[in-house]
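Visitor: Hey, I've got a structure open on my screen and could use some help finding my way around. Can we go through it together?

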Amino acid sequence: MIKRAAGLGALAAAALIAAQAQAQAAPGWMPQASGVSVELRGLSVVSETVAWASGAKGTVLRTVDGASWTAMQVPDAEKLDFRDIHAVDANTAVIMSAGPGAASRIYRTTNGGASWQLQLTNPDEQGFWDAIAFWDAKNGIMFGDPVKGAFQVLLTSDGGATWQPVSDPQGLAAQPAEGAFAASGTCLTVAGSSDAWFSTGGAQNARVFHSSDRGRTWRASAVPIPAGAAARGIFSVGFRDGRVGIAAGGDYKEVNMAAVNGARTEDGGATWTAAPILPAGYMSAVMPVRGAADSFVAAGLAGSGYSKDGGRSWTVLDDTPMNTVGFASPAVGWAVGPKGLVMKYAGPILGKQ
């Protein structure tokens, strides 16, 4: 480095050294101690100081200062895998476990995790819940893999205490071998007060389903992300509003597969255009950055990247394998992943300067 700098001239050398120092001082992510070693897949970022995470073996984590995390285990849930979590504040959170039949459950706390109430157990042996999302503190949605040929959708209007199934057999009809991926809690997302989307794979075509009436009726659109195999398709969908959204995916068995791993829409999901995400490879999550209208962050076992132009172009953040991400602002966010991984964002501001 010294020899190379010497040939650049004093000003250029100083600029190079400063840039290198800045890169070393401000990496994309900084690890935080989680206190656990289980796979973490659920993440809900409430603010710049409050966030919750969830994972295998009945594990839930919480931070209220943005720096230190407290681990807890939901009683009698040691065999459950909490793939998704939604938090309202530092005290109130809803968690969803994924698994066949009764292994899919909903729990809720209103006292910061000091106690948890079992709200619902999947009554269908063929069912498998995938994700939850909320429009506000009271109104939320959950969806799961097909039962009797149609995806399951349930709605709540009391903050997750009770849930009612949706009946739209035509709009929710599944293709042969089609399913969803409970890989990050982001295969389902909402925007505004009534829009919802969920993504699928496995079948011949990957698809995104859209509802504009708070989950009561649905319409599906094909997305140009490769599917056709049980491990391949769309793993995540994120919308900044009712129009602009990104779909992300790939093949979780071929992390670095050279194939289209992203697509974008500007009409609420009616039509999609291929838009490869960086880094190339399997992406399990894509999220809009709160407070930055055109910014998205994508993450997966291939690493993480960001876009500041609505998904048209991407910049690599890091190659650390992770499962999901969430942001409180363009400067503060977290990621969680394998073996208890928790990381806090420490890179450049993710918004237009």
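Visitor: Let's start with E15 and E16. What do they form, and how many residues sit between them?

Guide: This is a predicted model, and in it E15 and E16 make a hairpin with six residues between them. Look for glycine 202 in the turn, which has a positive phi of about 85°.

Visitor: How many bridges hold E15 and E16 together?

Guide: Four, and the pairing is antiparallel, with E15 covering residues 195–199. To see one pair up close, find phenylalanine 198: its bridge partner in E16 is phenylalanine 209.

Visitor: Which other strand is E16 joined to?

Guide: That would be E17, residues 219–223, which runs antiparallel to E16 and is joined to it by five bridges. Here arginine 207 has alanine 222 in E17 as its bridge partner.

Visitor: Why is E16 largely enclosed?

Guide: E16 spans residues 206–211, and five of its six residues are buried, so the rest of the structure largely encloses it.

Visitor: New topic. How are E6, E7, E8 and E9 arranged?

Guide: They make an open sheet of four strands in the order E6-E7-E8-E9, with antiparallel pairing. The edge strands are E6 (82–87) and E9 (117–121), each pairing on one side only. On average, neighbouring strands in this sheet are turned by 20° against each other, ignoring direction.

Visitor: And how many bridges are there between E6 and E7?

Guide: Five, in the antiparallel sense, with E7 being residues 93–97. For a pair to click on, alanine 87 stands opposite alanine 93 in E7.

Visitor: Where do the side chains go in a strand?

Guide: In a regular strand they alternate between the two faces of the sheet.

Visitor: What about E10, E11, E12 and E13, what do they form?

Guide: An open sheet again, in the order E10-E11-E12-E13, with antiparallel pairing. E10 and E13 (164–165) are at the edges with a single partner strand each, so one side of each has no neighbour in the sheet. E10 pairs with E11 (residues 140–147) over five bridges, and phenylalanine 134 stands opposite glycine 140 in E11.

Visitor: Let's talk holes. What's the volume of the largest pocket?

Guide: About 810 Å³. It is lined by 35 residues, and the closest to its centre are Phe134, Thr189, Val190, Met287 and Arg290. So you've met one of those already: Phe134 is the residue that stands opposite glycine 140.

Visitor: Which elements give two or more residues to that lining?

Guide: Among them are E2 (40–45), E6, E10 (129–134), E14 (188–191) and E18 (232–239). As for residue types, the lining has 22 nonpolar, ten polar and three charged residues.

Visitor: How many cavities of 30 Å³ or more are there?

Guide: The search of the whole structure finds one. The volume of the largest cavity is about 30 Å³, and its lining includes Gly250, Asp251, Glu254 and Tyr282. That lining splits into five nonpolar, three polar and two charged residues.

Visitor: Zooming out, how many helices and strands does the chain have?

Guide: Two helices and 28 strands. The radius of gyration is 20 Å, close to the 20 Å that the globule rule gives for 353 residues, so the chain is as compact as a globular protein of that length. Its C-alpha atoms fill a box of roughly 70 × 45 × 35 Å along the principal axes.

Visitor: Last one: what share of the residues is buried?

Guide: Of the 353 residues, 56% count as buried.

Note on methods: Residues are numbered from 1 along each chain as its sequence is written. This is a predicted model: local features need pLDDT of at least 70, side-chain atom pairs count only at pLDDT 80 or more; totals for chains, interfaces and linings use all residues. Side-chain values use heavy atoms; hydrogens and water are left out. Two strands pair if DSSP finds at least two bridges between them. Axes are lines fitted to C-alpha atoms, for helices over the stretch in contact, and angles run from 0 to 180 degrees between N-to-C directions. Buried means under 20% relative accessible area, exposed over 50%, partly exposed in between (1.4 Å probe, protein chains only). On a 1 Å grid over the protein atoms alone, a cavity is a set of points where a 1.4 Å probe fits but cannot get out, and a pocket is an open set with protein on both sides within 12 Å along at least five of seven lines; lining residues have an atom within 4 Å of a point. Grid points are joined across faces, edges and corners, and a volume is the space filled by probe spheres set on the points. Ala, Val, Leu, Ile, Met, Phe, Trp, Tyr, Cys and Pro count as nonpolar, Asp, Glu, Lys and Arg as charged, and the others, Gly among them, as polar. The radius of gyration is taken over C-alpha atoms; the globule rule is 2.2 Å times the number of residues to the power 0.38.
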